[in-house]
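Dear colleague,

Here is the structure I said I would pass on. My notes on it follow below; please read them with the coordinates open.

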Amino acid sequence: ELDALGVRVAALEKKSDNVKITGQARYNYSSYKDGATKTFANQLRSRLWFNGAVNDSWTYVGMLENIQDFSDNVGNETTNFQRAYLQGRLGGVKVIAGRYHKALHTGDIYGNRIDGVDVSYGKKIRLNAYAGKPTGSKAVFNSNVNTLGNADEVWGVNVAADLGKSVTLFAGYDHFKASDVPVAGNGVANGKNKITNVGFLYKINKDFNLGATYLHADLDSRVAGASKNGFVASVAYKGANGAKVGSWGLAARYLHTPAGAFYTAGWEDGNSANQTVREGMKGFYVKGNVTLAKNIIAGIEYWDVKGRVHDKKYKTLFSGLYFNF
């Protein structure tokens with residue numbers, strides 16, 4: 001009878017853990033300077049993640065997001081069921097299928113949602129391939145109108161390899177395509193953006209690392225005189241750990257990117273995003289964070305860039321306070 005009771009209790013405990021809910025509340029204040037024009041954002045973002053075990057190999061993940069806008073006294077807010085996907089394994093292959101978040105090259109080439117399928121394989125040598133529709137991305141520019149066209153489809157392949165414990169080499173190819181982009185006068189046009197990246201990450205020790213990436217982007221109808229080639233250099237020291245009070249980190253990047261290489265980084269306002277996609281950008285980015293209390297992290301980030309063709313300057317200051325639960 002005791003054995004039978006133990007079986008029943010174990011089964012009940014397993015069922016009670018079938019769905020787990022985690023979350024994050026983030027307050028952020030951002031200021032943007034687009035040439036001589038200044039704007040700002042003042043928001044509270046709340047996210048809830050739902051993880052449901054389908055079986056021992058597969059999990060369902062959903063994410064609900066609410067944003068409260070404190071910029072005025074109107075009380076604007078939005079709530080979206082942003083992500084919904086299945087993740088699991090088929091043999092040794094990791095699979096993600098549905099609407100999920102995809103970060104290409106630290107999330108700067110692309111850092112947004114994709115409706116599609118993503119497969120990965122390997123440990124020391126890691127292969128990744130994906131295909132789908134980028135959700136709400138401004139991926140392809142058409143020079144005949146002052147707008148960015150939404151990409152209809154994207155696919156890519158990426159590989160990374162560890163050379164010992166200190167050096168990681170990586171390379172990738174990402175192909176975005178847009179259809180029915182409006183052009184001046186009548187009609188529409190198609191557009192493509194083909195991005196290649198090759199680089200390395202060097203871990204000097206457990207706290208300090210350096211990196212560099214070469215970028216080549218072939219964007220249809222880019223600004224006259226815009227380069228297809230560029231690079232990014234990075235340095236990072238430690239990082240805030242939510243479980244360790246007082247832990248902190250610093251990071252910096254120097255950007256010299258081609259037209260079409262960085263366009264959904266999430267830090268730009270609408271105008272700077274439009275221009276830096278068209279002509280590329282050069283400048284720097286720095287960030288710092290610190291754990292104030294368990295699961296409470298404060299961070300600040302700053303971008304100071306300008307276009308590579310017209311030298312128009314764009315500056316962004318982002319500050320955030322994160323509560324993880």
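Leu-86 lies in strand S4 of this predicted model. Its relative accessible area is 37%, which falls between the 20% limit for buried and the 50% limit for exposed, so Leu-86 counts as partly exposed.

Leu-86 also belongs to a nonpolar patch on the surface. The other members are Val-19, Ile-21, Leu-48, Val-54, Tyr-60, Leu-64, Phe-81 and Phe-325, and the patch as a whole has about 810 Å² of accessible area. Three elements each give two or more residues to the patch: strand S1 (19-34), strand S3 (58-69) and strand S4 (77-90).

Next, the aromatic residues. The structure holds 9 aromatic pairs. One of them joins Tyr-29 and Phe-40: the ring centres are 5.9 Å apart and the planes lie at 25°, which is under the 30 degrees required, so this pair is stacked. Tyr-29 sits in strand S1 and Phe-40 in strand S2 (residues 37-53), with their positions 11 residues apart in the numbering, and the pair thus links distant parts of the chain. Both side chains have some access to the surface: Tyr-29 is partly exposed at 35% relative accessible area, and Phe-40 is partly exposed at 43%.

A second pair is formed by Tyr-110 and Phe-176. Here the centres are 5.8 Å apart and the planes are at 45°; that angle is neither under 30 nor over 60 degrees, so the pair is tilted. This pair, too, links distant parts of the chain, with Tyr-110 in strand S6 (residues 110-121) and Phe-176 in strand S11 (residues 167-182), 66 residues apart. Tyr-110 has a relative accessibility of 0% and is therefore buried. Phe-176 is likewise buried, at 0%.

Ring pairs also link Phe-208, Tyr-237 and Trp-248 into a cluster.

Finally, the chain as a whole. The protein chain has 2 helices and 18 strands. It is 325 residues long, and 38% of these residues count as buried. About 17300 Å² of the chain is exposed, with carbon and sulfur atoms supplying 57% of that area. Among contacts with a separation of 6 or more, 51% are between residues 24 or more positions apart.

Regards

Definitions and conventions: Residues numbered from 1 in each chain as written. Predicted model: local features only at pLDDT ≥ 70, side-chain atom pairs only at ≥ 80, totals over all residues. Heavy atoms only, no water. Patch = residues over 30% accessible without salt bridge, like charges linked within 9 Å, V, L, I, M, F, W, Y side chains within 5 Å. Areas by Shrake-Rupley, 256 points an atom, 1.4 Å probe, with all protein chains shown as cover. Salt bridge = Lys/Arg side-chain N within 4 Å of Asp/Glu carboxyl O. Helix = DSSP H or I, 4+ residues; strand = E, 2+ residues; numbered from the N terminus. Buried < 20%, exposed > 50% of the residue type's maximum accessible area, 1.4 Å probe, protein only. Contact = heavy atoms within 4.5 Å. Phe/Tyr/Trp six-rings, centres within 6.5 Å; stacked < 30°, edge-to-face > 60°.
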